[in-house]
Structures are given as C-alpha cells and as structure tokens.
Amino acid sequence: MSVELIQPSVLQETIARVLGDKARSVTLALGEVTVEVSASNYLQAMQLLRDAPECKFEMLMDLCGVDYSAYKDVGTDGPRFAVVSHLLSISLNQRLRVRVFCQDDDFPVLDTLSQLWASANWLEREAFDLFGIVFEGHDDLRRILTDYGFIGHPFRKDFPLTGHVEMRYDPEQARVIYEPVTIEQREIVPRIIREDHYGGLH
C-alpha cells in the first residue's frame with residue numbers, strides 16, 4: 001500500500017506544532033522543510049521528530065558537519081560550526097532537514113544521536129574526524145577516515161590544502177615514513193605545439 005506524499009507546507013506546519021518552542025525556525029524553500037534548533041534542545045527535538053505520531057522519522061539518512069567561517073567574507077556573522085541532519089519517514093513518506101549550531105567555536109560540542117538512530121554512530125565519527133565536532137555521550141568517538149596520529153581536522157576552512165605532512169614508503173627502512181610536505185611548482189597550463197602551416201595558417 002503506497003503512502004501519499006505530504007505537501008511540504010503541511011509538513012512545515014506539523015513540525016512547527018510538534019516542536020513548539022524547541023524550534024528556532026521552521027522554513028520552507030524549494031519544496032524542502034528545514035528546521036533549526038538550539039544546541040540545548042537538540043536531543044529532545046530529535047527524539048520528538050522520531051517518536052511523535054505526526055512525524056515518525058524512523059531513519060537518519062545523513063549527518064554532516066559544516067564550517068561557516070568563510071561566511072564572514074560575505075557579511076554574515078554567527079557561530080562557526082553546525083551539524084546538518086537529514087531525516088526520512090518511511091511510514092509517512094516525508095523528509096526533513098535539521099540544522100543545529102555549536103555554541104563554542106573553540107570547542108564545538110553537541111549531544112550524540114547514536115541512542116536514537118544507530119546510523120549516527122559512524123556519521124558522528126566522520127563529523128568529529130573532519131570538523132572536530134565532539135558528540136557528548138558517543139560510545140566510541142574516534143577518527144574514522146584519517147590516519148593514526150593525524151593532527152587537525154581536514155574539512156575546517158583554515159586547514160591547509162596541502163596538509164601538514166606527507167607519507168611515503170622508504171625501501172631502505174622497509175616502512176612508511178612521514179615527512180613535512182614538499183611542494184614543487186609545476187606548469188599546469190598545457191602547451192600546444194603545432195607544425196608549421198598547421199591547418200593552412202601562416
């Protein structure tokens with residue numbers, strides 16, 4: 001039996017009613033509903049979105065970190081780090097985006113969602129590894145993509161594009177070694193060499 005798609009405007013009204021003052025805003029743009037919650041209400045709001053009969057968001061489809069530090073260049077100021085989640089209700093055929101900003105730019109911390117959705121476990125580890133966002137209450141918060149002993153968080157806007165170290169296999173030592181990054185300048189614009197009178201040109 002197929003479930004009829006709920007209109008985004010109806011979903012917007014439903015989310016606003018269910019979350020009440022736990023939502024800072026519930027917006028509708030391009031047919032998609034986005035709710036923003038504060039860090040202090042994050043866990044409670046997400047549990048309501050999962051358990052309320054009008055919501056039933058059984059699946060956490062995605063969770064990622066965002067670094068908004070470059071937004072200052074376009075005149076927008078505010079907290080630097082946020083977490084954006086995408087929820088899916090299979091039983092009600094509806095989707096929702098949730099955004100929450102971390103309160104402290106120097107030490108971004110949020111509650112973990114791993115007790116609500118098992119999929120949050122790895123997704124939060126990825127946000128921790130790449131952005132340095134700490135998820136309080138997570139059972140196993142450790143790096144998941146970078147190497148052992150990696151320093152820094154590579155998706156932060158202030159992380160150098162070249163990184164800090166490079167690794168290579170040294171056949172003399174028969175092991176992988178780490179060295180400071182060396183960048184050699186290369187000519188990346190292709191040169192076009194044509195024969196004389198190519199295409200009838202003089």
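## Exercises on a predicted protein model

Half of the contacts in the protein chain with a separation of 6 or more, 50%, join residues 24 or more positions apart. The structure is a predicted model, and the exercises below treat its elements, its core and some of its residues.

### Exercise 1. The chain as a whole

State how many helices and strands the protein chain has, and in what order they run.

*Solution.* Step 1: the protein chain has three helices and nine strands. Step 2: read from the N terminus, the order of the elements is α-β-β-α-β-β-β-β-α-β-β-β. Step 3: the burial of the chain may be added, since 35% of its 202 residues are buried. Step 4: the accessible surface amounts to about 13400 Å², and carbon and sulfur atoms hold 54% of that surface.

### Exercise 2. Helix H1

Determine where the buried residues of H1 lie around its axis.

*Solution.* Step 1: helix H1 (8-19) contains twelve residues and spans 16 Å between its first and last C-alpha, close to the 16 Å expected at 1.5 Å a residue. Step 2: Leu11, Thr14, Ile15, Val18 and Leu19 are the buried residues of H1. Step 3: because these residues cover an arc of only 110 degrees around the axis, they lie on the same side of H1. Step 4: a general property of the α-helix is relevant here: with 3.6 residues a turn, residues three or four places apart point the same way. Step 5: the exposed residues Glu13 and Arg17 are carried by the face of H1 that is turned away from the buried side. Step 6: the cover over the buried residues of H1 includes E1, E2, H2 and E5. Step 7: just after H1 comes Gly20, with a positive phi of about 55 degrees.

### Exercise 3. Helix H3

Decide whether H3 is largely enclosed or largely open, and explain why.

*Solution.* Step 1: H3 has twelve residues, and its C-alpha span of 16 Å from first to last is close to the 16 Å expected at 1.5 Å a residue. Step 2: buried in H3 are Ala120, Leu123, Glu124, Arg125, Ala127, Phe128, Asp129, Leu130 and Phe131. Step 3: since nine of the twelve residues are buried, H3 is largely enclosed by the rest of the structure. Step 4: among the elements covering the buried residues of H3 are E3, E4, strand E6 (109-111) and strand E7 (134-136). Step 5: Gly132, just after H3, has a positive phi of about 80 degrees.

### Exercise 4. The largest nonpolar core

Identify the residues with the most contacts inside the largest nonpolar core, and the element that supplies its largest share.

*Solution.* Step 1: the core has 37 residues, and Ile15 and Leu49 have the most contacts inside it. Step 2: at least two core residues come from each of H1, strand E1 (23-29), strand E2 (32-37), H2, E3, E4, E5 and helix H3 (120-131). Step 3: H3 gives the largest share, five residues. Step 4: setting aside residues up to four places away in sequence, Leu49 touches Ile15, Leu19, Cys55, Lys56, Phe57, Leu87, Leu96 and Val98.

### Exercise 5. Val83 in its strand

Establish whether Val83 is buried or exposed, and list its contacts.

*Solution.* Step 1: Val83 belongs to strand E4. Step 2: its relative accessibility is 1%, and therefore Val83 counts as buried. Step 3: beyond neighbours within four places in sequence, Val83 is in contact with Tyr42, Leu63, Cys64, Val98, Arg99, Val100, Leu110, Ile133 and Phe135. Step 4: Val83 and Gly65 are 18 residues apart in sequence, while their C-alpha atoms are 4.6 Å apart in space.

### Exercise 6. Positive phi in the loops

Locate Lys56 and Asn93 and describe the phi and accessibility of each.

*Solution.* Step 1: as general background, most residues other than glycine have a negative phi. Step 2: Lys56, in the loop between helix H2 (42-51) and strand E3 (59-67), has a positive phi near 50 degrees. Step 3: Lys56 counts as partly exposed because its relative accessibility is 34%. Step 4: Asn93, in the loop between strand E4 (81-89) and strand E5 (94-101), has a positive phi near 55 degrees. Step 5: with a relative accessible area of 29%, Asn93 is partly exposed.

### Exercise 7. Cysteines

Give the number of disulfides, and state whether Cys55 and Cys102 are buried or exposed.

*Solution.* Step 1: with a cut-off of 2.5 Å between cysteine sulfur atoms, the count of disulfides is zero. Step 2: Cys55 is buried, at 0% relative accessible area. Step 3: Cys102 is also buried, at 1%.

Key
Residues numbered from 1 in each chain as written. Predicted model: local features only at pLDDT ≥ 70, side-chain atom pairs only at ≥ 80, totals over all residues. Heavy atoms only, no water. Helix = DSSP H or I, 4+ residues; strand = E, 2+ residues; numbered from the N terminus. Buried < 20%, exposed > 50% of the residue type's maximum accessible area, 1.4 Å probe, protein only. Contact = heavy atoms within 4.5 Å. Areas by Shrake-Rupley, 256 points an atom, 1.4 Å probe, with all protein chains shown as cover. Core = buried A, V, L, I, M, F, W, Y, C linked by side-chain atoms within 4.5 Å. Expected span 1.5 Å × (residues − 1). Arc of directions from axis to C-beta.
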